[in-house]
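This report goes through one structure, shown here with its sequence.

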Protein chains: 2
Amino acid sequence: MFSKACEYGIRAVLFIAKQSQKDLRPNITEISKAIDSPEPFTAKVCQQLARAGILLSKKGPNGGFYLEKDSTLKLAEIVATIDGDNIFKGCGLGLRECSSEHPCPVHDQFMVVRNGLKKMCENTLVMELAANLEEGETFLKV
Amino acid sequence: MFSKACEYGIRAVLFIAKQSQKDLRPNITEISKAIDSPEPFTAKVCQQLARAGILLSKKGPNGGFYLEKDSTLKLAEIVATIDGDNIFKGCGLGLRECSSEHPCPVHDQFMVVRNGLKKMCENTLVMELAANLEEGETFLKV
DNA sequence: TTATTCAAGGACAAATCTGTCTTAAAAAAA
DNA sequence: TTTTTTTAAGACAGATTTGTCCTTGAATAA
Ligand code: FES
Ligand code: FES
């Protein structure tokens, strides 16, 4: 479904969001421990998200990655930045483009599923997911 | 969503199904022309499906790939053979396994989408999709 | 000012996915 | 039997994804 980079990216952002709510600014070592991911690869992904303006970063002692406490970041922005929007727009059978004028055999059924995924990513706030994480109701590793 | 191999695989099977309804047995050249895919790569995929018993094949002059006319093959079998069933069972954020006892932050929402995809693949008959194809209502290339 | 701590960036390596080529083997037709 | 047509199979090559390593430069603290 999502690429590894995207999976790590979402998990990293959720952890960073949780820490940001406590005014903490985790560094890459802390992040990759918390989400159980390869550290240098995770660093790449976080850098990419920071370049895209999705994460904020601060260098130097006590630096790290963080989010504004009142961020309205949604899952969809993370996914689109890392994996592009083919997953939200592309044809399920790989035709050059998905359109009801030139539909593939599964177009009607696939649109329903794909739009469900899209809506889910567009409606889900990172800060809300991070709150459940804080309650210990959900997990980022194992 | 699906791998390239799986996209080609589904399109190939749908074309083969359509031809089988007309008692034809297309060979690899005809198949890859009909679905606009790289011929040797498509051959690999069709061989894999034939080994798995999903497609039938016949060597020699006038040979090719085919399906029984009354086949009840469903999309899910093609997908599981080529891409495995992680897409139907795996965690959206890449945790080792998806379970409501140890859910990731998007578990509840993701389950809905993933089950939608699963149901779609399990309920869709290849022969029915091939019939629409025959009517010229849907397309396998461009 | 200097040393330390950190993100940023780029070069590299391994693994997987995608795609190609060649040869073998089966089956039918000549 | 011989030739032709076809799938089957495996070795190979390129591209992409995943993962590692090392250097640079920014920011802070001492
Ligand atoms: S054309 Fe294939 S999903 Fe729309
Ligand atoms: S645990 Fe992640 S989707 Fe179920």
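The text below covers the relation of the two copies, the two DNA strands and one helix pair.

**The two copies**

The model is predicted. A turn of 180 degrees with a shift of 0.0 Å along the axis lays chain B on chain A with an RMSD of 0.0 Å. The two copies are thus related as by a two-fold rotation axis. The same surface serves both copies, as 94% of the contact residues of chain B recur in chain A. B:Met1 is the residue of chain B that comes closest to the rotation axis, its C-alpha lying at 2.4 Å.

**DNA strand C**

DNA strand C is surrounded by 26 residues, of which A:Asn27, A:Lys44, A:Arg51, A:Ser57 and B:Lys58 are the closest. Of the strand C atoms that come within 4 Å of the protein, 67% are accounted for by sugar and phosphate. In chain A, helix 3 (39-51), strand 1 (56-58) and strand 2 (64-66) each supply at least two residues of this surface, and in chain B helix 1 (4-21) and helix 3 (39-51) do so. By class, the surface near DNA strand C holds nine nonpolar, nine polar and eight charged residues.

**DNA strand D**

Around DNA strand D there are 25 residues, and A:Pro38, A:Lys58, B:Asn27, B:Lys44 and B:Ser57 come nearest. Sugar or phosphate makes up 63% of the atoms of DNA strand D within 4 Å of the protein, and bases make up the rest. Here helix 1 and helix 3 come from chain A, while helix 3, strand 1 (56-58) and strand 2 (64-66) come from chain B, each with at least two residues of the surface. The residues near DNA strand D divide into nine nonpolar, eight polar and eight charged.

The table lists polar contacts to the two strands.

| Protein atom | DNA atom | Distance |
|---|---|---|
| A:Gln47, side chain | base nitrogen, DNA strand C | 3.3 Å |
| A:Arg51, side chain | phosphate oxygen, DNA strand C | 3.0 Å |
| B:Lys58, side chain | phosphate oxygen, DNA strand C | 2.9 Å |
| A:Lys4, backbone N or O | phosphate oxygen, DNA strand D | 3.1 Å |
| A:Lys58, side chain N or O | phosphate oxygen, DNA strand D | 2.7 Å |
| B:Arg51, side chain | phosphate oxygen, DNA strand D | 3.1 Å |

**A helix pair in chain A**

Helix 1 (residues 4-21) of chain A packs with helix 7 (residues 126-134) of chain A at an angle of about 75 degrees, and their axes are 8 Å apart. That angle makes the two helices roughly perpendicular. On helix 1 of chain A, the contact is made by A:Val13, A:Leu14, A:Ala17, A:Lys18 and A:Gln21. Helix 7 of chain A contributes residues including A:Val126, A:Met127, A:Leu129 and A:Glu134. Nine residues of this contact are nonpolar, one is polar and two are charged.

Note on methods:
Residues numbered from 1 in each chain as written. Chains lettered and ligands numbered in written order. Predicted model: local features only at pLDDT ≥ 70, side-chain atom pairs only at ≥ 80, totals over all residues. Heavy atoms only, no water. Axes fitted to C-alpha atoms, helices over the stretch in contact; angles between N-to-C directions. Helix = DSSP H or I, 4+ residues; strand = E, 2+ residues; numbered from the N terminus. Parallel < 35°, antiparallel > 145°, perpendicular 65-115°, else oblique. Contact = heavy atoms within 4.5 Å. Nonpolar A, V, L, I, M, F, W, Y, C, P; charged D, E, K, R; others polar. Near = heavy atom within 4 Å. Polar contact = N/O pair within 3.5 Å; in protein donor to acceptor, adjacent residues only side chain to side chain. Least-squares fit on C-alpha atoms with pLDDT ≥ 70 in both.
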